[in-house]
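Visitor: Please pick one residue in this structure and look closely at what surrounds it. After that, go on to other parts of the chain in the same manner.

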Amino acid sequence: MKGLLTQVRSYERSVQLLMVNQFTINLGFYMLMPYLAAHLSGTLGLAGWIVGLVLGVRNFSQQGMFLVGGTLADRLGYKPMIVAGCVLRTLGFATLGLVDSLPALLAASAATGLAGALFNPAVRAYLAADAGERRVEAFALFNVFYQAGILLGPLAGMVLTGVDFRVTCLVSAAIFALLSVVQIHALPARRPEDAKRQDGDGGQGVLAQWRGILANRPFLLFSIAMIGSYVLSFQVYLALPLEVRRLGGDGEFGTAAVAMLFAVSGLTTILGQTRVTAWCKARYEPGQALVRGLAAMGLAFVPLLLATAVPVPESRIGLWLLVAVPPTLAALLLAIGTMIAYPFEMDTIVRLSGDRLVATHYGLYNTICGVGITVGNLGTGAALDAARAAGMPALPWIALIVIGLACAAALYALHRTGRLAAQPASEPQPASV
């Protein structure tokens, strides 16, 4: 921990604050969101389709507005979008705890999603700009703070929700309110170089900028190839818990095994991210690290594939080992693969943008990967159902392994053909003239 703090202190004040901000954002978000569905269906007694609608509106408003949020950050500056996102999430989370009408719940859910679309691209672009040549190391540290918030948020939420879900909402809203005030006073203003150039020459229209980014073929190919990493990493929340529940049931036995998945995933990243990044940077080019990261994520499902060949033991110890060990190994390997890839992934986006309209590139990238996650989760769910119906438990794990290796192969091809190399910063994007 001391070494981690020393690394954080070696960066500018703005970078330090952005890392702490991201921890706080995730702490406030994850103390509430895991318990929202139970509040809507239990306390408020809403039908299942309405619960799905409320949660879906949040996801849709965030994924659908990432590009707009990134564009606004590039035009108006990073700090205003970060502050606006935190203020909007303050209002959204407070509303979720105080209202029970469907229109108000939908509006609050949409506000929380839009908030993420405003500050996520801005935070990453700001971090990339102020970290300079140390971007890869900065994003590695950023991921440590990111995962720490995900790990601690649900624990805090469990305690607060045990009192009352409204308390959870109000505490989460208070965290975002405090974060907004801190950032207004402490976060230095940062305008992208693009915005400064636009002030001088009149700039390009938004549509012209978007056409330029869409014509950046290496960036689009990279974005599509990286969809698999998000589909695979999300299985810690989907396929792995479902597999644990399938074998271990919904009692304390299954609950403990699911908790182990999340603990292993989060703690592995917190303890190992900076070391893994330093080791990879010393040995591999960015493209090579990305290929290895995606390959590791695909191979993460091999323990689950092998476990399908093992008969379900009758003894309690044997059953516990079968329920806990393969999914936990998969979560561990997914965390390692993500640790390898994530810092180089964030850095590659900046390089492929040519250091122009960086937040807009992050916004489009998030949208592409978000759509991919939705489609991938639908496919994974269908594969799990088909495997259960056909008595072929290996089917979903084979599919996920193939996705990981196919995306690794695509990244290898992009790396070998030089398409992951930096774009010249001084030249405009092909379709922007």
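Guide: Start with glutamine 183, which touches Asn21, Lys79, Ile82, Val83 and Cys86 once residues up to four places away in sequence are set aside. The model is predicted. Glutamine 183 belongs to helix α8, which covers residues 165–186. Its relative accessibility is 0%, so glutamine 183 counts as buried, the limit for that word being under 20%.

Histidine 39 can be described in the same terms. It sits in helix α3, residues 33–43. Histidine 39 has 5% relative accessibility and is therefore counted as buried. Apart from residues up to four places away in sequence, histidine 39 touches Leu44, Leu96 and Phe165.

Next come the aromatic rings. With ring centres within 6.5 Å as the condition for a pair, the count comes to 13 aromatic pairs. One of them joins phenylalanine 222 and tyrosine 365, with 6.0 Å from centre to centre and 20° between the planes, and this pair is stacked. Phenylalanine 222 is in helix α11 (residues 217–225) and tyrosine 365 is in helix α18, so the pair ties together parts that lie 143 residues apart in sequence. Phenylalanine 222 is buried, because its relative accessible area is 0%. Tyrosine 365 also counts as buried, at 0% relative accessibility.

For tryptophan 279 and tyrosine 284, the ring centres are 5.8 Å apart and the planes stand at 70°, so this pair is edge-to-face. Here the surroundings can be read from the accessible areas: tryptophan 279 has a relative accessible area of 44% and is partly exposed, and tyrosine 284, at 21%, counts as partly exposed too. The ring of tyrosine 284 has a further partner, arginine 292, which lies over its face at 4.2 Å from the ring centre. A charge over a ring is also found at tyrosine 11, where the charged end of arginine 134 sits 3.8 Å from the ring centre. Elsewhere, Phe29, Tyr30, Phe93 and Phe176 are linked into a cluster by ring pairs.

Helix α11 also takes part in contacts with the segment after α19. Leucine 221 lies in helix α11 and counts as partly exposed, at 29% relative accessibility. Without its neighbours within four places in sequence, leucine 221 is in contact with Leu414 and Arg419. Leucine 221 and leucine 414 are 193 residues apart in sequence, yet 8.1 Å separates their C-alpha atoms. For leucine 221 and arginine 419, the separation in sequence is 198 residues and the C-alpha distance is 8.8 Å.

Arginine 419 is placed in the segment after α19, a helix that covers 395–416. Its relative accessible area is 34%, so arginine 419 is partly exposed. Neighbours within four places in sequence aside, arginine 419 is in contact with Arg217, Pro218, Leu221, Leu352 and Leu414.

Two residues between α17 and α18 have backbone angles to note. Aspartate 355 is in the loop between α17 and α18, the latter being 358–390. Although it is not a glycine, aspartate 355 has a positive phi of about 60°. Aspartate 355 has a relative accessible area of 45%, so it is partly exposed. Leucine 357 is found in the loop between α17 and α18 as well, and its phi, near 50°, is again positive in a residue other than glycine. Leucine 357, however, is buried, because its relative accessible area is 3%.

Finally, the surface. Ile317, Trp320, Leu321, Val325 and Leu329 form a nonpolar patch there, and their accessible area together is about 450 Å². One of these residues, tryptophan 320, is in helix α17, residues 316–353. At 35% relative accessibility, tryptophan 320 counts as partly exposed.

Technical notes
Residues numbered from 1 in each chain as written. Predicted model: local features only at pLDDT ≥ 70, side-chain atom pairs only at ≥ 80, totals over all residues. Heavy atoms only, no water. Helix = DSSP H or I, 4+ residues; strand = E, 2+ residues; numbered from the N terminus. Buried < 20%, exposed > 50% of the residue type's maximum accessible area, 1.4 Å probe, protein only. Contact = heavy atoms within 4.5 Å. Patch = residues over 30% accessible without salt bridge, like charges linked within 9 Å, V, L, I, M, F, W, Y side chains within 5 Å. Areas by Shrake-Rupley, 256 points an atom, 1.4 Å probe, with all protein chains shown as cover. Salt bridge = Lys/Arg side-chain N within 4 Å of Asp/Glu carboxyl O. Phe/Tyr/Trp six-rings, centres within 6.5 Å; stacked < 30°, edge-to-face > 60°. Lys NZ or Arg CZ within 6 Å of the ring centre and 35° of its normal.
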